[in-house]
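Let's take a walk through this protein, piece by piece. Have the sequence and the 3D view open side by side as you read.

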Amino acid sequence: MSHSEPPADADPDRWTLTVDGAVADPLSVSAAALAADDAMRSSTACAGETATERAWQGVRVGTLVDRAAPDAAAAHALVHSVDPEYACGFALDRLRSALLAVRLDGEPIPAERGGPVRLLVPDADCWERVKWVTRIDVLTDPPGEADTARDRVPADG
Ligand SMILES: Nc1nc2c(c(=O)[nH]1)N[C@H]1C(S)=C(S)[C@@H](COP(=O)(O)O)O[C@H]1N2
Ligand SMILES: [Mo]
């Protein structure tokens, strides 16, 4: 469950990533324009699967969020996917160290693996590695459980 089908159009030239919410300067960038100068090794295994670490490259969320000038009170964020049923909430400090990946093992990320933009989070639970990221909504208050994917993912992930 909660292993969604990839979107029909995952072309990075037509994919927009937005940072808005509790920020002074909301921004939208093309996935094709995202830098790939940071890296993280991570598995995307679900609970019970064998974890295989792969090399992901992209931009740190903190780098992008800082460009949007978050409000002083900003402390949380909801990461949205093109998959409308899917969003995941994070403490902003933790999300800052996550990677918005645009490359997997040196190649564009295949759509079934979450391309063109996927979130990789250190020490993540499986559902936190959001595929097909479209929007980071910066928040002052924690998102409600109903706003996150967590309660839609069964115990076995
Ligand atoms: N947008 C979106 N991201 C998602 C999911 C989803 O259903 N939709 N499933 C999550 C879960 S539960 C898992 S285990 C991983 C699976 O990633 P993989 O197919 O690359 O192994 O994606 C996560 N990211
Ligand atoms: Mo999962």
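A good place to start is His-80, whose bridge partner in β6 is Ala-87. A little further along the pair, Val-79 has Cys-88 as its bridge partner in β6. Both belong to the pairing of β5 (residues 76–81) with β6, an antiparallel match held over 5 bridges. Strands pair, by the convention used here, if DSSP finds at least two bridges between them. To get from β5 to β6 the chain makes a hairpin through 5 residues.

Before going further, a word on what you're looking at: this is a predicted model, in which local features need pLDDT of at least 70, side-chain atom pairs count only at pLDDT 80 or more, and totals for chains, interfaces and linings use all residues. Residues are numbered from 1 along each chain as its sequence is written, chains are lettered from A and ligands numbered from 1 in the order in which they are written, and side-chain values use heavy atoms, with hydrogens and water left out.

Now zoom out to the sheet. It is an open one, with 5 strands in the order β2-β1-β10-β5-β6 and mixed pairing. β2 (27–30) and β6 (87–91) stand at the edges with a single partner strand each, so one side of each has no neighbour in the sheet. From one strand to the next, the twist averages 15 degrees; the axes behind such angles are lines fitted to C-alpha atoms, for helices over the stretch in contact, and the angles run from 0 to 180 degrees between N-to-C directions.

At the β2 end, β1 and β2 run antiparallel and are joined by 4 bridges, with Leu-17 matched to Val-29 in β2. Here too there is a hairpin, taking the chain from β1 to β2 through 5 residues. β1 also pairs with β10, this time in parallel, through 4 bridges. One of the partnerships here links Asp-20 to Asp-137 in β10.

Asp-20 deserves a closer look. Is this residue of strand β1 buried or exposed? It counts as buried, because its relative accessibility is 18% and the cut-offs are under 20% for buried, over 50% for exposed, and partly exposed in between (1.4 Å probe, protein chains only). Setting aside neighbours within four places in sequence, Asp-20 is in contact (heavy atoms within 4.5 Å) with Pro-26, Arg-135, Ile-136, Asp-137 and Val-138.

What about the whole fold? The protein has 2 helices and 10 strands, and along the sequence they follow the pattern β-β-β-β-α-β-β-α-β-β-β-β. These elements are DSSP runs numbered from the N terminus, with helices being H or I of at least four residues and strands E of at least two. The radius of gyration, taken over C-alpha atoms, is 14 Å, close to the 15 Å from the globule rule for 157 residues, so the protein is as compact as a globular protein of that length. That rule is 2.2 Å times the number of residues to the power 0.38. Of the 157 residues, 45% count as buried.

Next, look inside. The largest nonpolar core has 38 residues, and Leu-95, Leu-100, Leu-119 and Ile-136 touch the most other members. A core of this kind is a set of buried Ala, Val, Leu, Ile, Met, Phe, Trp, Tyr and Cys residues joined through side-chain atoms within 4.5 Å. The elements giving it two or more residues are β1 (16–21), β2, α1 (61–67), β5, β6, α2 (92–96), β7 (99–104) and β10 (133–139). Leu-95 touches Val-61, Ala-77, Val-79, Phe-90, Leu-119 and Ile-136, if residues up to four places away in sequence are not counted. There is also a second, separate core of 7 residues, which includes Met-40, Leu-99, Ala-101 and Ile-109.

Finally, a few spots in the loops. Pro-116 lies between β8 (107–108) and β9 (118–120), and the peptide bond leading to it from Gly-115 is cis, with omega near 15 degrees. Ala-69, in the loop between α1 and β5, has a positive phi near 55 degrees without being a glycine; at 27% relative accessibility, it counts as partly exposed. Asp-123, in the loop between β9 and β10, is another non-glycine with a positive phi, about 50 degrees. This residue is exposed, with a relative accessible area of 80%.
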